[in-house]
Amino acid sequence: MKTLVQNLIASGMFGKNAPYDLVAAIAVFVLSAVVFLGVAFPFAGIVSWVERRVWARIQSRVGPNRVGPNGFLQWLADGVKHVCKEDIVPTDADPHLFKMAPYLVVLAFVLPWAVMPFSSSLILADLNVGILYMTSVTALTVVGVLMAGWASNDKWSLIGGIRSAAQIVSYEIPAGLSIFPIVLMTGTLSMQGIIKAQGWAPQHWFLFANPFTFIAANILFISALAEGNRTPFDLPEAESELVAGFATEYSGMRYLFFFMAEWGNLFIIGAIITTLFLGGWQFPHVTNNVVAMNILQLITFNLKVLFLVFVSMWVRGTLPRVRIDQLMTLCWKYFVPIAFINMIGTAIWVAIWPEGNSWAGYIMVAAAIVVAVLFIQRVIYYAKRSKMEMYYNPTI
Amino acid sequence: MGAFGAYVDNIKDAVSSIFEGMAVTASHFVRKPYTVQYPDRTEVRVQDTLPFRYRGILEVDLEICTGCLACERACPIDCIVIAVEKDPATRGMIISQFDIDIAKCMFCGLCSEPCPTGSIHHTTEFEGADFSLESLIRRFIQEPIHAYKAKKGPETDPRLAPILSRGMHYLDEWAQPGGAKPAAETEES
């Protein structure tokens, strides 16, 4: 960043005596605008289209396929429609809080991009407390959601906001406790440091380092889904009970912001899991060309994240919504104790094998392959039993 | 120990049911969607896939209409208007007006039952959307025409034979509950 600003001043674009701070501020604004408008928001939009197509295929439908090739531009059409709509603030609402709430939710979605480790050198800021920063800024969502629920002055919104607050605050605990084993094993909170402690091969991933980290990965994934208000934990916006929950009174662009943040959060969830458990951008060292290596690492990271995004869509298409008491039971009676056991178990494991146990990695990868084969067998069984016409093309 | 066993059983239940559920939904990814992408992305026109007894918009084969007014009398909401008069020269009937108001029609099928030749019948056409009520009135006659009169003897006019056989076939099938689909050559109306 510093060299970039110095180069900018040296190039004479702003005059010879341009103040350093001003140029740096302009550079920060332009860069962040490019990153968020060019990467984060289009990602959220495209995910909304992909998600609708994935659910549609799960339900034997087709999904949006009219706007552009295979409906690819559907997200742009929806976005333009929402931006063109009237921005309504209810008379009885608290206007300032009401208007501020969507921005806080979006803020919680854009801040984590600062520590997103796309590749070995493509990272905005490699903070030494990266993963802690990530979990704390994503928790900002609860402020925005609670603010939206309260300021709308509407019972549905309020119940939705309160539910969301209860849910996010509860699930922060198992999520935080599941990050602990990794921190114990690596001794660092930096995103790059955690990735560098892993290898490119599955047996060197922390997912398969020992049985406790495997359970921790699952708990973290489910807790992250709950924090992102995703089905099966989408109680705050349960349509059948609460209309649209905290977003009931919103319309147009502000409504769009809530959902953009929700879909964009999928990438954040995927990135956290990928960084902690799936080896991040690690790719075998095939070339000495730094740029080529970085591109390969970028592709690896994104493929892993997109796979997790797909899994969360698949879960959303599969599982029904849980009740609020089931949600709390799952968190406090199951996840929290198991996460504590994980933590202690990992601590003992690290005490016995400080360098890690390579045999455990191979055995767990073999077990995972067996489970995957069993799963594919079940899929083939169900596909054959349906006696329906098979259609393998993802586009229709 | 019982409480702990139940605890472990709950976890086992959750994991196995999610495993099975995900397998079921994954199998849907390779199934063909049920969706019929009406109107423009179907392999054949949707109208052609409908059953023969489908009650779509009414149509009249004027070549075999006898002008008997049975359909006009049968219509419970008077959406059929027919004007007939005797032709003094040939002593036949001349039909000068045959209007069906599709906007009023409730597709009950009572008009096509008493028709002696199967001239008035439902088609599989159902796209009736239009910009004015006026244009929904189907006017089948522009110029007054002679009504059909059954010939004495076995010979039928070869021009009318296929239409007549289609009409009679329609009536026969109509009267039979669950009647079979007619052969391909008589299907097109």
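Q: Before we look at Val105(A), what counts as a contact here?
A: Two residues are in contact if their C-beta atoms, placed from the backbone, lie within 7 Å. Please note also that this is a predicted model.

Q: With that in mind, which residues does Val105(A) touch?
A: Leaving aside residues up to four places away in sequence, Val105(A) touches Thr141(A), Gly144(A), Val145(A), Phe257(A), Phe258(A) and Ala261(A).

Q: And which residues have the most contacts inside the largest nonpolar core?
A: They are Val105(A), Leu220(A) and Ile273(A), in a core of 91 residues.

Q: Which helix gives the most to that core?
A: Helix H11 of chain A, residues 252-277, gives the most, with 16 residues.

Q: What about the second core, which residues does it include?
A: The second core is separate and has 18 residues, among them Cys65(B), Ile95(B), Phe98(B) and Cys111(B).

Q: Back to H11(A). At what angle do H2(A) and H11(A) pack?
A: Helix H2 of chain A, residues 20-58, packs with H11(A) at an angle of about 95°, and their axes are 8 Å apart. H2(A) is therefore roughly perpendicular to H11(A).

Q: Which residues meet there?
A: From H2(A), the residues are Ala40(A), Phe41(A), Phe43(A), Ala44(A), Val47(A) and Ser48(A). They meet Met260(A), Trp263(A), Gly264(A), Leu266(A) and Phe267(A) of H11(A). By class, this contact has nine nonpolar residues, two polar ones and no charged ones.

Q: How do H2(A) and H12(A) cross?
A: The axes of H2(A) and helix H12 of chain A, residues 290-318, cross at roughly 45° and come within 9 Å. That angle makes H2(A) oblique to H12(A). The crossing is right-handed.

Q: Which residues of H2(A) meet H12(A)?
A: Val47(A), Glu51(A), Val54(A), Trp55(A) and Ile58(A) do, facing Val309(A), Phe310(A), Met313(A), Trp314(A) and Gly317(A) in H12(A). The residues of this contact divide into eight nonpolar, one polar and one charged.

Q: New topic: H6(A). How many of its residues are buried?
A: In helix H6 of chain A, residues 141-151, 10 of the 11 residues are buried, and the helix is mostly covered. Thr141(A), Gly144(A) and Val145(A) are among the buried residues, and Val105(A) touches these three.

Q: What do the buried residues of H6(A) pack against?
A: They pack against three helices of chain A: H4 (95-110), H5 (130-138) and H7 (155-186).

Q: Where does Asn153(A) sit, and what is its phi?
A: Asn153(A) is in the loop between H6 and H7 of chain A. Its phi is positive, about 55°, although the residue is not a glycine.

Q: Why does Asn153(A) count as partly exposed?
A: Asn153(A) counts as partly exposed because it has 15 C-beta neighbours inside 10 Å, and the partly exposed class lies between 12 or fewer for exposed and 20 or more for buried.

Q: And Asp78(B), is it buried or exposed?
A: Asp78(B) counts as exposed, because it has 10 C-beta neighbours inside 10 Å. Asp78(B) also has a positive phi of about 55° without being a glycine, and its place is the loop between helix H3 (70-74) and strand S2 (80-86) of chain B.

Q: Staying in chain B, which peptide bond is cis?
A: The bond from Tyr38(B) to Pro39(B) is cis, with omega near 0°. Pro39(B) lies in the loop between helix H1 (2-28) and helix H2 (46-49) of chain B.

Q: Lastly, how many residues of chain B are in contact with chain A?
A: There are 20 residues of chain B in contact with 22 residues of chain A. On the side of chain B, they divide into 11 nonpolar, six polar and three charged.

Note on methods
Residues are numbered from 1 along each chain as its sequence is written. Chains are lettered from A and ligands numbered from 1 in the order in which they are written. This is a predicted model: local features need pLDDT of at least 70, side-chain atom pairs count only at pLDDT 80 or more; totals for chains, interfaces and linings use all residues. A nonpolar core is a set of buried Ala, Val, Leu, Ile, Met, Phe, Trp, Tyr and Cys residues joined through C-beta atoms within 7 Å. Helices (H or I, at least four residues) and strands (E, at least two) are DSSP runs, numbered from the N terminus. Ala, Val, Leu, Ile, Met, Phe, Trp, Tyr, Cys and Pro count as nonpolar, Asp, Glu, Lys and Arg as charged, and the others, Gly among them, as polar. Axes are lines fitted to C-alpha atoms, for helices over the stretch in contact, and angles run from 0 to 180 degrees between N-to-C directions. Angles under 35 degrees count as roughly parallel, over 145 as roughly antiparallel, 65 to 115 as roughly perpendicular and the rest as oblique. A crossing is left-handed if the near helix is turned anticlockwise from the far one by less than a right angle, and right-handed if clockwise.
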